[in-house]
Amino acid sequence: MKIFLNAGHGGCDPGAVSKNGLKEKDVAKRICEILTDRLKQAGYSVILFQEQNSFTEISKAENKSGADIFISVHCNSFSSSSANGVETLYYPTSAKGKRLAECIQTWLLKTTGLFNRGCKMRRDLHVLRATKAPAVLVETAFISNPEEEKLLRDKPEMFADGILQGIKNYIN
Ligand SMILES: [Zn+2]
């Protein structure tokens, strides 16, 4: 079982930035590094990739990798600081992607206790459309929400654990 992890954003694209200056790309990288260690300890083969120049690099690397599943890790952001919760995105025609999204969403809710925004179909996202393996994009929490920003900054292992348990659940 080979797992392709994409830490969202990277290079000169910071992704969303909180009022305190916390960058989405750094949070995504931290969560993915913890998740990579735990997946390797559990015996899985892992490729961790964060883009440097453009997001088409991600699908190119994934297409060559022969990965069994693809997971892109992000933080959500909104103009209103009260927006909150976890959501997981998948490509509309992928039944396996939908199931992977449901497994990860379920476990992230258990490990974080955050609000359930649900699993959502997204046709317009390159990383879901152009990847070969069943693919999901996880919006872990809102970096624009002060309480969730704190969790993203101080408890990245909580998010890594939820994604890890969701992956195990999907595989078994
Ligand atoms: Zn993002």
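**Figure 1. The side chains of Ser59 and His126 form a polar contact at 2.7 Å.** The close-up is taken from a predicted model, as are the views that follow. Ser59 belongs to helix α2, which spans residues 56–65. With a relative accessible area of 6%, Ser59 falls under the 20% limit and is therefore classed as buried.

**Figure 2. A zinc ion is held by three protein donors, from His9, Glu24 and His74.** The donor atoms are NE2 of His9, OE of Glu24 and ND1 of His74, and they lie 2.1 Å from the zinc ion. Along the chain, these donors follow the spacing H-x14-E-x49-H. Because Glu24 is part of helix α1 (residues 24–41) and His74 is part of strand β3, this pair ties together parts that are 50 residues apart in sequence. Glu24 and His74 are both buried.

**Figure 3. The zinc donor His9 is located in the loop between β1 (2–7) and α1.** What is the relative accessible area of His9? The computed value is 19%, and His9 is counted as buried because the limit is under 20%. The backbone of His9 has a positive phi of about 65 degrees, although His9 is not a glycine. Glu51 is 42 residues away from His9 along the chain, while the C-alpha atoms of the two residues are separated by 6.2 Å.

**Figure 4. The largest pocket encloses about 210 Å³ of space.** Its lining consists of 18 residues. Which of these residues lie nearest the centre of the largest pocket? They are His9, His74, Leu125, Val127 and Leu137. Two of these names, His9 and His74, also appear among the protein donors of the zinc ion. The elements that contribute two or more residues to the lining are β3 (69–76), β4 (86–90), α4 (126–129) and β6 (135–142). Strand β3 provides the largest share of the lining, with three residues. By residue class, the lining of the largest pocket comprises six nonpolar, seven polar and five charged residues.

**Figure 5. The structure contains zero disulfides, as the surroundings of Cys75 and Cys119 illustrate.** For Cys75, the closest cysteine sulfur is that of Cys32, at 10 Å; this is too far for a bond, since a disulfide requires sulfur atoms within 2.5 Å. Cys75 is buried, with a relative accessibility of 4%. Cys119 likewise takes part in no disulfide, and its nearest cysteine sulfur, that of Cys103, is 9.1 Å away. Is Cys119 buried or partly exposed? At 28% relative accessibility, Cys119 counts as partly exposed.

**Figure 6. Ile31 occupies a buried position in helix α1.** The relative accessibility of Ile31 is 0%. How far apart are the C-alpha atoms of Ile31 and Met121? They are separated by 23 Å, and the two residues are 90 residues apart along the chain. Helix α1 (residues 24–41) is also the element in which the zinc donor Glu24 lies.

Technical notes
Residues are numbered from 1 along each chain as its sequence is written. This is a predicted model: local features need pLDDT of at least 70, side-chain atom pairs count only at pLDDT 80 or more; totals for chains, interfaces and linings use all residues. Side-chain values use heavy atoms; hydrogens and water are left out. On a 1 Å grid over the protein atoms alone, a cavity is a set of points where a 1.4 Å probe fits but cannot get out, and a pocket is an open set with protein on both sides within 12 Å along at least five of seven lines; lining residues have an atom within 4 Å of a point. Grid points are joined across faces, edges and corners, and a volume is the space filled by probe spheres set on the points. Helices (H or I, at least four residues) and strands (E, at least two) are DSSP runs, numbered from the N terminus. Ala, Val, Leu, Ile, Met, Phe, Trp, Tyr, Cys and Pro count as nonpolar, Asp, Glu, Lys and Arg as charged, and the others, Gly among them, as polar. Donors are N, O and S atoms within 2.8 Å of the metal (3.2 Å for Na, K and Ca); water is not among the atoms, so sites may look incomplete. Buried means under 20% relative accessible area, exposed over 50%, partly exposed in between (1.4 Å probe, protein chains only). A polar contact is a pair of N or O atoms within 3.5 Å; within protein, one must be able to donate a hydrogen and the other to accept it, and residues adjacent in sequence count only if both atoms are side-chain atoms.
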